[in-house]
Amino acid sequence: MNPLFKRILRKDKLSRVFVERLTEPLHINIASAFVALFGGFRRKVDFDLVVRPQYAFPILRAADLANEWGYKRLTLLEFGVAAGAGLVNICHIAAEVTKITGIEFRIVGFDTGTGMPEPIDYRDLPEAYAAGDFPMDHEKLKASLPANCELILGPITETLPAFLKTVDASSPIGFASVDVDYYSSAKDSLSVFRDTPEKYLPLVPIYLDDVGDITVNPWVGEWLAVNEFNDENKMRKIAPWNMLRARRICKNAKWIEHIHGLHVHDHAIRTPGTTERARRTADNEFIGVSFTDQAA
Ligand SMILES: C[S@@+](CC[C@H](N)C(=O)[O-])C[C@H]1O[C@@H](n2cnc3c(N)ncnc32)[C@H](O)[C@@H]1O
């Protein structure tokens, strides 16, 4: 069975179809049916018709930004892999995105390999998660991953420093999913964004899985980890992706709230006078002034 339909038939996914999808205007759902049957990958991403749109949108966006800013390869990260459904999904999406953008990918998943560690205190939401949750069959998972995907096992604090040494401007970090449930693990994961600026796209789309749990708030969980990251890093800021709901066709989707951006304010591309680019112009059709025509 097509993986999209298989996923939709799961109970939690079915309720999402009813709450988020069927409440969209009728013409959007009719158009979606045509796109599902005849549309290309980009159009399917536009209409949320790809498994895990929360990964498809930011990976495609990162590839488009990479082309705009002159990169050929990006590194995609998943913090928190569990059984690996998300990591395998990133690999599939990345392969499709390469076909339509030309951007190649290195994909890296981080996990203990033995499930959740012990929570440190109330900030790790012990009411929702406990040590040993989310086991992994790492032999089977590793065997199913494509050559451009690595699985790095161990506590993130221990594995991150060696990984960061392998990242450079030839394949900067272009996307990260942070799905490690605890405040402490999210804080460890976000330290991936504290290295030198050339290791990142100037704007990195991030998927924050755990900002929507009902017991999360600015003082606990992933939300606290993000606030502390912003307080501790003068030139790096994580903020919600600007105007995303207004820009999406399917406006009821919950995943939109999870998409953030890491702004690398100390990146060369975001520093005045360090990069060359074509002059931007604005025409005025009311008085017959066109800089576009002059440039042609
Ligand atoms: C909710 S699961 C991830 C689910 C996965 N992203 C998916 O979509 O299928 C959370 C994972 O985070 C991992 N994790 C949590 N804290 C960690 C830490 N400090 N170091 C490494 N892995 C950690 C756990 O082992 C667990 O597998």
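Biologist: How far does a backbone N or O atom of Ile-156 lie from a nitrogen atom of the ligand?

Modeller: This is a predicted model, where local features need pLDDT of at least 70, side-chain atom pairs count only at pLDDT 80 or more, and totals for chains, interfaces and linings use all residues. Residues are numbered from 1 along each chain as its sequence is written; side-chain values use heavy atoms, without hydrogens and water. A polar contact is a pair of N or O atoms within 3.5 Å. For Ile-156 and the ligand nitrogen, the distance is 3.1 Å.

Biologist: What share of the ligand's exposed area does the protein bury?

Modeller: Accessible areas come from the Shrake-Rupley method with a 1.4 Å probe. Taken alone, the ligand exposes 600 Å², and the share buried by the protein is 92%.

Biologist: Which residue has a polar backbone atom 2.7 Å from a nitrogen atom of the ligand?

Modeller: A polar backbone atom of Gly-115 lies 3.1 Å from an oxygen atom of the ligand. The partner at 2.7 Å from a ligand nitrogen is Gly-80.

Biologist: Around the axis of helix H2, what arc do the buried residues cover?

Modeller: H2, a DSSP run (H or I, at least four residues), spans residues 11-21, and its buried residues (under 20% relative accessible area) are Lys-13, Glu-20 and Arg-21. They lie on the same side of H2, because the arc they cover, taken from the axis to the C-beta atoms, is only 75°.

Biologist: Which exposed residues sit on the face of H2 turned away from its buried side?

Modeller: Exposed means over 50% relative accessible area. The exposed residues on that face of H2 are Lys-11, Phe-18 and Val-19.

Terms used:
Polar contact = N/O pair within 3.5 Å; in protein donor to acceptor, adjacent residues only side chain to side chain. Buried < 20%, exposed > 50% of the residue type's maximum accessible area, 1.4 Å probe, protein only. Helix = DSSP H or I, 4+ residues; strand = E, 2+ residues; numbered from the N terminus.
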